[in-house]
Amino acid sequence: MRVILVTGKGGVGKTTVSAATALRSADLGKRTLVMSTDPAHSLADAFQVDLGDQPSPVVANLHAQQIDAQQRLEESWGAVRDHLTDIFDWSGLKGIEAEELTVFPGMDELFSLASVRDHVRSGEYDAIIVDCAPTAETLRLLSLPEVMSWYMEKMFPVGRRMAKVVRPVLSRVSSMPMADDEVFAAVARFYERLDGIREILSDPDTTTARLVMNPEKMVISEARRTFTYLGLFGYTVDSAIVNRVLPERVTDPYFRRWREIQQGHLETVREGFSGVDISTLRLFDEEMVGIDRLRVVGEELFGERDPTERFATARPFRVEDVEGDEADVALVVSVPFAEATEVDVLRHDDELFITVGPYRRSMMLPDSLKRREVLKAKLTGGELRVVFGIAEGKRP
């Protein structure tokens, strides 16, 4: 079983890549499902077929699905949302503002991703390609089941019992809405939906993410930031795909400067996504929609390779606490065969530059490290440990 998450900034062509990947997989005889969790669905447009909330056949071995995120949200969160709305109404905040505050950003796609778990457990498919929404926020939220597990095991049963005792007493002295059994049942369903998603999606033997970008400065910066956070939260990225690269046969002088700019951006991609398979797709001279054109995209993107292969398996880095100092954390980067004399570390604003001999790698720092200073760096056993913390003179 393989699960491939395709993500990137809006408009970079991730739906085209998702559809072409799925079609290529199906043509190789694998039972394949491609599903869109992006609220702004365009998968049906890519295939030029009608798609709905349930998997529909597209070609032999291929089904496609556009998740109705609002329906999933209503099923798992509706009762909790209504209770929170009542509380906001009681406090004086009414109308649409109260309703908007009861649903947190990314929750709709989070429940959509719960469908991935259901499909994996069903055993009906060999490969599942997920056309994700253009954000990493949902993937950050996948740590929520771990956070909630302690609450669900320790506090949830106690809170449910206490509510039954307190509700009659509180109702006599206050008009504040109290959660009833339906609300508690909804919370339990919410946790049940999320349970197991992270386990599946953070397993590199099952799931990898692929980042799609265009050779543009802002788009690449966003992709690098997503790459950092995926690594930080334990997700493996096995491929970076640069779409809409000017082909060599375009020789018009008008595009000469654009070609030079794109080459500079491609070098940035090679530095920023070291250790990850990097592929390029040319800028086609027509809109690549429909089965035949998507097959062309798949052939150019993968060649003779199986698109469901794991193109890279190593995690690019990890962040861990420094023993003996709660304030310090270490960024650990694998640099096999490197010698201490050829390693250099430099920080500039939100970027960390690591040079090993003639090669340089740049990393966008996550928020947790931006607030800290680089205290030291040490090479041990093929790993570079860069320690971040609060400098001695600034400690409380």
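Two strands count as paired when DSSP finds at least two bridges between them. Keep that cut-off handy for the exercises below, which work on a predicted model.

**Exercise 1.** Work out how many bridges join β12 to β13, and which way the two strands run.

*Solution.* Start with β12, which covers residues 351-356. Between this strand and β13 there are 6 bridges. The cut-off is at least two, so β12 and β13 pair up, and they run antiparallel. For one spot to look at, find Val-356: across from it, in β13, is Tyr-359.

**Exercise 2.** Place the strands in their sheet and find which ones stand at the edges.

*Solution.* First, get the order: the open sheet has 3 strands, β11-β12-β13, with antiparallel pairing. Next, check partners. β11 (343-348) and β13 each have a single partner strand, so they stand at the edges and one side of each has no neighbour in the sheet. Finally, look at the twist: ignoring direction, neighbouring strands here are turned by 15 degrees against each other on average.

**Exercise 3.** Find the largest cavity and say which element gives the most to its lining.

*Solution.* Begin with the count, which is 1 cavity of 30 Å³ or more. The largest cavity holds about 40 Å³ of space. Now walk round its lining: Arg-224, Phe-227, Thr-228, Gly-272, Arg-361, Ser-362, Met-363 and Met-364. Sort those by class and you get 3 nonpolar, 3 polar and 2 charged residues. Then sort by element: α10 (217-232) and β13 (359-364) each supply at least two lining residues. β13 gives the most, with 4 residues.

Terms used: Residues numbered from 1 in each chain as written. Predicted model: local features only at pLDDT ≥ 70, side-chain atom pairs only at ≥ 80, totals over all residues. Heavy atoms only, no water. 1 Å grid on protein atoms, 1.4 Å probe; cavity = no way out; pocket = protein on both sides within 12 Å on 5 of 7 lines; lining within 4 Å. Points joined across faces, edges and corners; volume = space filled by probe spheres on them. Nonpolar A, V, L, I, M, F, W, Y, C, P; charged D, E, K, R; others polar. Axes fitted to C-alpha atoms, helices over the stretch in contact; angles between N-to-C directions.
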